[in-house]
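Reader: I'm new to this structure and would love a close look at a single part of it. Could you take me to the second largest pocket and walk me through its surroundings?

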Amino acid sequence: MKFSQISPTIVCALCIVGLSACSGDSSEENSNPIPNSVPTINAAVAFSGSLTQVDQAKASRYIKNGIYSGITQYAYQTAVPSAPAEISQDSYSTTTTQEAGIDEADRLEYDGNTLFLAAYAEWINDNVYPAHVRVLQRNNDFSLTQVAELPISQENGNIDGIYVNNHRLAVLSSEGYRYTFDSLMFAPWGTVDNQFTVELYDTSDVTQPAKLSNLQFDGSLLSSRRIGDALYLVSSYIAHVAGLNPNASTDAELLANYRKIVATSDDELVPKVYADGQSIPLFSAKDCVIPAQATANDGYAQLLSVIKINLLEPTEIVASCISAMADMMYMSADNIYLGATVGQQTALHKISLITATPGYQASGLVDGVIGWQSQRELKLSEKGGFLRVVTTDYSNASAVHHLSVLNQNGNELQLVASLPNSSQPEPIGKPGEEIYAVRFFDDKAYIVTFERVDPLYVLDLADPYVPMVAGVLEVPGFSSYLFPLANNYLLGVGQQVNPANIPNTGSAADEPVTQEGMKISLFDVNDPANPIEINNIVMARAYTPVEYDYRALSTLNSNGSYQFALPVEQWGQSEAEVDSWWNQSSLLLLQVDTHTGLPKLVQTKQIKISNPTNYYIYSGDDRSVIHGQHVFYIHGNQVWHSLWNDELNFEGPY
């Protein structure tokens, strides 16, 4: 698909790269006959089997059945139109990601000389300051000078994230509510008529970034990744059929709704991309894969699009379509995996990224569900073609945690190994314990469960056909995020728990257990059978956003010597006023050298800043950059600079 040099009158010229057919063919305007009676349409469900590509009529019927099923079950809404990447040897920190070489959108990008900051919209003293991108250039003394400010095209839009690579800046934004995979489980019909935008700039001259393209897509952006110069977007779209009666109850009203849906052109079922006054369908309905088990009475309205944009040639766009339920996504260097809950099991669908157009490959089913307790995508990992997944089965009185290993055979993701099993029957976690953190690193998996204490399980995955529990460590508190270090060490970020509030026997502890404050732990896992907590740092009445968003952690690795920066928010009650509470935002600096005889986690300093406004600033969006012995701290839309070892002085805000 290319936008350049396309005449609006040449319809089929719109389908050039990656699309198998032009959806404007009049023969495909309506593939289904108008019914004479009220149809019996099954409620939308997640199927456990494979997906398949069918003809235009069947694909159209499945999508339209889904629209009808949705309107009869929900109030119809129209919304506002491989190894972890942390092992790096750069001189400055970059966005913390799940996988090496796969960038994730964030509000901050830094290339060593220029800092790009997505500033969110602010309302101050009845004045509205729209979201925009700040471009700040680093001076020789590491002070910052703003050299450009880039507005976004949506007047009331929010920036979902930015990417910087090869003198290209991509700004992802949307209006209204920002939908994610998690939200699809609860608000599948709120995505109607949404649009999101990708604005691409040439930043060869950062003082005057040149806009190369402004692409608008129908639907809601769910997630994104970047590999090299390829930007991948995963979005959700539900066609809006005007004039439907959301309160239909009689046969005549229901039939009128269904007839209106069936009469809708198939071209209107799929999302479009808009640029330079032109609109192009991303695909046709017959390009969508649907569940192979689907019958004529099944349907699902939501279309998931996997879109690939060449950042160097933004007119080159390819896309694939999946019409199947999904509530989470994991992306490796070669594949995207979409997951959906099916009872107490998880259905997984594999989409290849190594083909010219992202394409469906296979599906599989594992026992247990991904769950919501921890950062969900971290429960999946792919290595050597094997997908490793950690799930939890809640069908019994006590939760059962599973590790499943799958490998593709034809169009099936086959289970090749699991834990527990007959030769390794020991459960992962004690009765009543939930999984709080999972991290895969090379041939190991680390799992944290918690109810009374924090067991850290070390799994050996060197042989994907024979996984085993290598060791267990129990310590107070729990980790919500695990960060693998060189030389077989592990950083845990979570909360300390007061053991006095946890009964040793008898009834379970009250929920939630009293938390004493943020806890950062350093573990030695050189001997997987005997993991050791070397030391920890606890900050009372505090938490860090890293517990639920690993992008908030900044890391600089110099041959095994690590510097860490993470935002912290502390709170407390004023001694002078009983009903008055205070909060303090800061940036905590830590370091550890994994080459020493017994490494130790050391607190270097804590950069505390006063709130520059008279309103609360959420610390969950705080970020930082470590550049050698210099640190930039982003709080709100402003930036501070400090030297690593200077406890008292810092400059800003910029």
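**The second largest pocket and its surroundings**

Author: Happily! The second largest pocket has 36 residues in its lining, and T94, E109, Y110, V164 and R226 are the ones nearest its centre. Three elements each give two or more residues to this lining: strand 2 (108–110), strand 8 (157–165) and strand 40 (623–627). Before going on, please keep in mind that this is a predicted model, where local features need pLDDT of at least 70 and side-chain atom pairs count only at pLDDT 80 or more, while totals for chains, interfaces and linings use all residues. Residues are numbered from 1 along each chain as its sequence is written, and side-chain values use heavy atoms, with hydrogens and water left out.

The volume of this pocket is about 660 Å³. (On a 1 Å grid over the protein atoms alone, a pocket is an open set of points where a 1.4 Å probe fits, with protein on both sides within 12 Å along at least five of seven lines; lining residues have an atom within 4 Å of a point. The volume is the space filled by probe spheres set on the points.) Sorted by class, the lining holds 17 polar, ten charged and nine nonpolar residues. Here Asp, Glu, Lys and Arg count as charged, Ala, Val, Leu, Ile, Met, Phe, Trp, Tyr, Cys and Pro as nonpolar, and the others, Gly among them, as polar.

Let's follow strand 40 away from the pocket. (Strands are DSSP runs of E with at least two residues, helices runs of H or I with at least four, both numbered from the N terminus.) An open sheet is formed by three strands in the order 40-41-42, with antiparallel pairing. Strand 40 and strand 42 (638–643) are at the edges with a single partner strand each, so one side of each has no neighbour in the sheet. From one strand to the next, the twist averages 15° (angles run from 0 to 180 degrees between N-to-C directions of axes fitted to C-alpha atoms). Strand 41 (residues 630–635) and strand 42 run antiparallel and are joined by six bridges; two strands pair if DSSP finds at least two bridges between them. I634 has V639 in strand 42 opposite it.

Now for the charged contacts. The count of salt bridges comes to 14, each being a side-chain nitrogen of Lys or Arg within 4 Å of a carboxyl oxygen of Asp or Glu. One of them pairs R551 with D106, with 3.8 Å between the closest N and O atoms. This pair links distant parts of the chain, 445 residues apart: R551 is in the loop between strand 35 (542–543) and strand 36 (554–558), and D106 is in the loop between helix 1 (56–73) and strand 2. R551 is partly exposed at 24% relative accessible area, whereas D106 is buried at 5%. (Buried means under 20%, exposed over 50%, partly exposed in between, using a 1.4 Å probe and protein chains only.)

Strand 40 has a salt bridge too: D549 pairs with R623, their closest N and O atoms 3.2 Å apart. Because D549 is in the loop between strand 35 and strand 36 and R623 is in strand 40, this contact ties together parts 74 residues apart in sequence. D549 is buried, at 14% relative accessible area, and R623 is buried as well, at 3%. Through shared partners, salt bridges join D106, D549, R551 and R623 into one network.
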